[in-house]
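Visitor: Before we discuss any labels, could you show me the model, and then explain what each label rests on?

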Amino acid sequence: MNGLSAHLPAIPVIIPLLASPLVVLLRQRGLAWAAATASSLFCFAVAITLVAAVRESGVQAYAVGSWAAPFGIELIVDQFSALLLLIVTGASSFALLIAPRFGSGVPDDRQYLFYTAWLLALAGLSGIVVSGDAFNIFVFMEISSLATYILIAGGPNRQALAAVFRYLIMGTIGATFYLIGVGYIYMMTGTLNLADMEALIQDVSDLRPVLVAGGFITVGLALKAAVFPLHIWLPNAYAHAPHAVTAFIAACSTKVFLYVLFRFDFLVFQGNLPGHIEQFSAFMMPLAIIAVLFGSAIALAQKDLKFLLAYSSVAQIGYIMLGASLVSVSGLTAGILHMFNHALAKGALFLAVACIGTALGVLSLDKLSGAARRMPWTFAAFVVAGLSLIGIPGTAGFVSKWYLVLAALELGVMGALLIVPVLIGSVMAVIYIWKVVEAAYFGNAGETVVRAEAPWWMVTVLWAAVLLNVWFGLQPGLPLELAREAAALLLEGQ
Amino acid sequence: MVTLFGVFLLTLLVITAVGILRAEHLFVAVMLTGIFSLQMAAMFFILDAADVALTEAAVGAGVATVLLLGALALTNDRERPSGIRPWWPLALIAAATLLVIYATFDQPRLGDPDAPVHQHVAPWYLEETPRLIDVPNVVTAILASFRGYDTLGELFVIFTAGIGVLFLLANPSKGGALSLSQSAESQGLRHHLVPRVVGRLVVPFIVLFGLYVQFHGDYGPGGGFQAGALISAGIILYALVEGESMALKALSFRVLAGMIAGGALLYVGVGIAGILLGGNFLDYSVLSADPVAGQHLGILLVEAAVGLTVTGVLLTIFHSFAARDQKS
Amino acid sequence: MMEYLGLYNYWVFAVLLMLGLYAVISRTNLIKKLIGMTIFQAAVFLLYISMDKVEGGTAPIIQSHMPGQLYSNPLPQVLILTAIVVGIATLSLGLAIVIRISEAYGSIEEDEIRKMDNA
Amino acid sequence: MYLAATVAILVTMALALARALLGPTVYDRVLAVNMFGTKTVLLLSVIAYLYDRPDFIDLALAYALINFIGVLAVLKFVQDFTLRHKDAEH
Amino acid sequence: MEVLLDIISWVLLVSGGAFVFIGGVGALRMPDFYTRMHAASLTDTLGTILVLLGIILQAGFTLSAVKLLAVMVFLLLTAPTAAYALANAARLARLAPERRALDD
């Protein structure tokens, strides 16, 4: 045992789990916020250390309870999970920093419960990412989902309740489908450990149950990840949640489920099911393209800032799936990189929304006319983050779209056709971001312009997130390397 | 022969499920759900899953029924009859059912000892448990030690549910226990002499039995979760015959919150103790000089943790639903 | 005959699963949806527990006085114990949300709620 | 002989289920649930001996306890419900 | 002695099963709620006692026989209580014999 560093993979789960009951005992809002933020930041630091450790010495494995792999539960941190861990803990930290209190929806004496739920959501998402056991993923999936339902139900309007109920039903169906799929694989292989499953499933001769398992797992996780036709829970849930919560979950939660989906499809099923890759590609690519076009088009028609960004998320999930459905290292690299970059861009945008919502209390576009003159700093940040979402060179969003185009071109003529939806989606992104800019900068603000900037610390956090977008747009090395290694790991098993 | 019993019970299960679906009176649907759970539990018992049968009975037939009734009391017990039912869900569902049934023909048959499920890890558990952990109930050994991390997750799932219900339904302006005693409806079944007397007689036995299940889990079916469900069922019975306020006087919301958080802390604490003593997270072998004794201690502690949290959460949920009742 | 009786459990699993799913999709009443969800989850419990049975085996509580006794598989039982807890947790949270919806909207029928939201 | 008793119990379970499905009143259904519960207790006791695992009588005991609570909860609900409806009428 | 015990427990189990079954038929076939309850609860209690006694005879003096006895005592306490409470609730709700009320 060389100190704590041997336990690194478990720490991002243990710390929030330890903090959440403590917050219940503390009961006091300020202390609760401080405890939540401190543990979230600590986990962020651990995630950074883990990224360094993975880059230095490869995959980090941890046997919980000291029971060896297929018998006990194993935690695995490889390049892919390290990247996701970075996204999850980072999103949580940034969103918590702007949220020392939640809006009017949550009474003061119940806010500590809210931070508890936040910590549980963080623990659940981290737990999914580091786990190497199929059933364990289900358990942590449920922790994160239940906690997310609570967070969304804290939204200010009654619509939040209706939205969260629908999310609960669809989320439970998704998780149960996943459980059925895991059950079928377990039935045919006798193991729950992912690595073990991958090795054993090759010997299975009766493939029908495995096929059905693949179907259940793909549909279940696609439901959780809001992949196009199964996205209907997402816009309402994002739009009616408290602002800080939206920033948190929009940045990371769907990506975590995409991560599990990729893990299963590429590691467990690929190479073991004849024709699975072609089916995956033939099934996912049209859906991804429709998602890009449909999501962007609906976003164009939105009159509320949060709905606009939520539908944009549907489109962006389409980009990630499009990269994955190319089933090449470069395509998957682009998809995974886009997870990271979209988290940066969308996270920053929703942080900006949180600032606007806190300062002005309105989010519908017609009421925001001229608002940029009242909140110049916030709207400047919004514009830069918006550029990143569109994919303007010099921002993070550009890098992943560029790699997506390159990967598509590798496929020849067919690939060149794939660029069309990417471009159309980007053009539509330009238009819907422009709608906001137009309203905020060129709208009629009335005679007297009162400065109503959000509190300084919120603007600082917001700008930190925005500058990260620029930084990773100019220096994409680290996430790019991680994404490339993760893609190689998924496709070639190395 | 037992297989035929199973087939009979399964057929009853399907009939009950159809009945639940068709019942327009939600109260009837809840009643049938209780029967459904009992059948399910009997089925689990026939399939050699004693622990699961106990849990399903305590949770499905007991707690879930009480919670559903509590929710019905607060909302509406009638489903509005809907005129047109779209045909497409039925078609979709039928197609999916056929697909799943199609997959079954490649599956191992029920009870086939050569099925892959019985080859890989399961025999290891059955062979090594007596040596490594030395408790007769292998289910408890796996639950609390080999896959103790899952159980930690399970505890936090129920913890999350408790937090969620408190967050959604807590009624702080009312100040909890005192306001409840005024209403006539909180009197429970007090004016019924017979249930009251019998109930009073039975409550201590239920709690005692719950404790037995808690600490006997190493040797027979049982463990923290089952015990928690039974003990909270006992206290719910007390609340039913004596009124909410009496039950809350015995265990207030404050105490319950302490139990919830305390159980969760205890479980994580045991895990961290493993780290501090030089093992991995949730490694009980290092808790004592003798690894097997360490395992026993660890299992005892985490089962107690689960029992505490589950009791706390289930009672919190029950009381939150009941307290809401007074308001409306 | 035995060939197909051995699959009966899995058929019932499929039928229950889809009955539950049908209830969730087709009913507008929120509590009915939740009840459908519990059937849906119970079907999965049946799937797992059906796997654990070994012909001639008994519940996996080792009886030292009977060496050579066959035992059924303990692992699916452990998983389902956890899944049952997850089920009751989801149910109680769902019911709490329904109660709040009923207070906020005065209805627990999905289409009526949607109408009120759009109005 | 355990088999004879088991068959009788299973058939009675089916009859109770039929009563629960047919109704017609709420009380009939509660009665059916109660019957079903006691039949489950009996079934478990008998099967525990059929399987030669007498230590599982614990389960039967637990079922008996739970069943009683369930029935009382239902009665309290029905009682509150009828009370409320009477209030509404006057 | 063994044989005698076996015969007695056999008789108890079979007659218990018969009573249970008769109770079930009664609950299904009787014309209204009160008669159905009468049929169900009386035969039920007797059938239960007989079946459990039959098993206890088979079990002999063991821990599980004590547990079975506990189950029996418990059922003897609670089943009539539940029946009483049920009938009482039905009366309170003014459910008249042979009239279909409440469920309209």
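Guide: This is a predicted model, and a helix here is a DSSP run of H or I with at least four residues, whereas a strand is a run of E with at least two.

Visitor: What is the count of helices and strands in chain B?

Guide: By that rule chain B has 13 helices and zero strands, and reading along its sequence gives the pattern α-α-α-α-α-α-α-α-α-α-α-α-α. The C-alpha trace of chain B spans about 60 × 50 × 35 Å along its principal axes, and 70% of its contacts between residues at least 6 apart in sequence join residues at least 24 apart.

Visitor: Why is Ser388(A) called buried?

Guide: The label buried requires a relative accessible area under 20%, and Ser388(A) has 1%, so Ser388(A) is buried. Ser388(A) sits in helix 15 of chain A, residues 376-390, where, leaving aside residues up to four places away in sequence, Ser388(A) touches Ala345(A), Thr395(A), Ala396(A), Gly397(A), Phe398(A) and Asn469(A). The C-alpha atoms of Ser388(A) and Ala464(A) are separated by 14 Å, although these residues lie 76 residues apart along the chain.

Visitor: Why is Asp134(B) called partly exposed?

Guide: Partly exposed covers what lies between buried, under 20%, and exposed, over 50%; Asp134(B) has 44% relative accessibility and therefore counts as partly exposed. Asp134(B) is placed in the loop between helix 5 (122-132) and helix 6 (138-146) of chain B.

Visitor: What is notable in the phi of Asp134(B), and which value does Val327(A) have?

Guide: Phi of Asp134(B) is near 60 degrees, which is a positive value in a residue other than glycine. Val327(A), also a residue other than glycine, has a positive phi near 50 degrees, and its place is the loop between helix 12 (305-325) and helix 13 (329-360) of chain A.

Visitor: What share of chain B is buried, and what supplies the area that chain B exposes?

Guide: Of the 328 residues in chain B, 66% are buried. Chain B exposes about 10,400 Å², with carbon and sulfur atoms supplying 68% of it. Chain B has 15 positive and 22 negative side chains, and the centres of these two sets lie 18 Å apart.

Visitor: Which residues touch the most other members of the largest nonpolar core?

Guide: That core holds 461 residues, and Tyr178(A), Phe264(A) and Leu16(C) touch the most other members. Not counting residues up to four places away in sequence, Leu16(C) touches Leu13(B), Val14(B), Ala17(B), Phe36(B) and Met40(B), together with Ile39(C), Ala43(C) and Leu46(C).

Visitor: How do you know which chains touch, and which pair shares the most contacts?

Guide: The test for contact is heavy atoms within 4.5 Å, and of the seven pairs of chains in contact, chains B and C share the most contacts. Chain A and chain D do not touch, their nearest C-alpha atoms being 25 Å apart; chain A and chain E do not touch either, with 30 Å between their nearest C-alpha atoms.

Visitor: What makes up the interface between chain C and chain A?

Guide: There, 36 residues of chain C are in contact with 29 residues of chain A, and the area buried between these chains is about 2,900 Å², of which carbon and sulfur atoms give 81%. Tyr48(C), Leu93(C) and Ile97(C) supply 16% of the area that chain C buries against chain A, more than any other three residues.

Terms used:
Residues numbered from 1 in each chain as written. Chains lettered and ligands numbered in written order. Predicted model: local features only at pLDDT ≥ 70, side-chain atom pairs only at ≥ 80, totals over all residues. Heavy atoms only, no water. Core = buried A, V, L, I, M, F, W, Y, C linked by side-chain atoms within 4.5 Å. Buried < 20%, exposed > 50% of the residue type's maximum accessible area, 1.4 Å probe, protein only. Areas by Shrake-Rupley, 256 points an atom, 1.4 Å probe, with all protein chains shown as cover. Lys, Arg positive; Asp, Glu negative; His and termini not counted. Charge placed at Lys NZ, Arg CZ, Asp CG, Glu CD. Buried area = accessible area lost by both parts, 1.4 Å probe.
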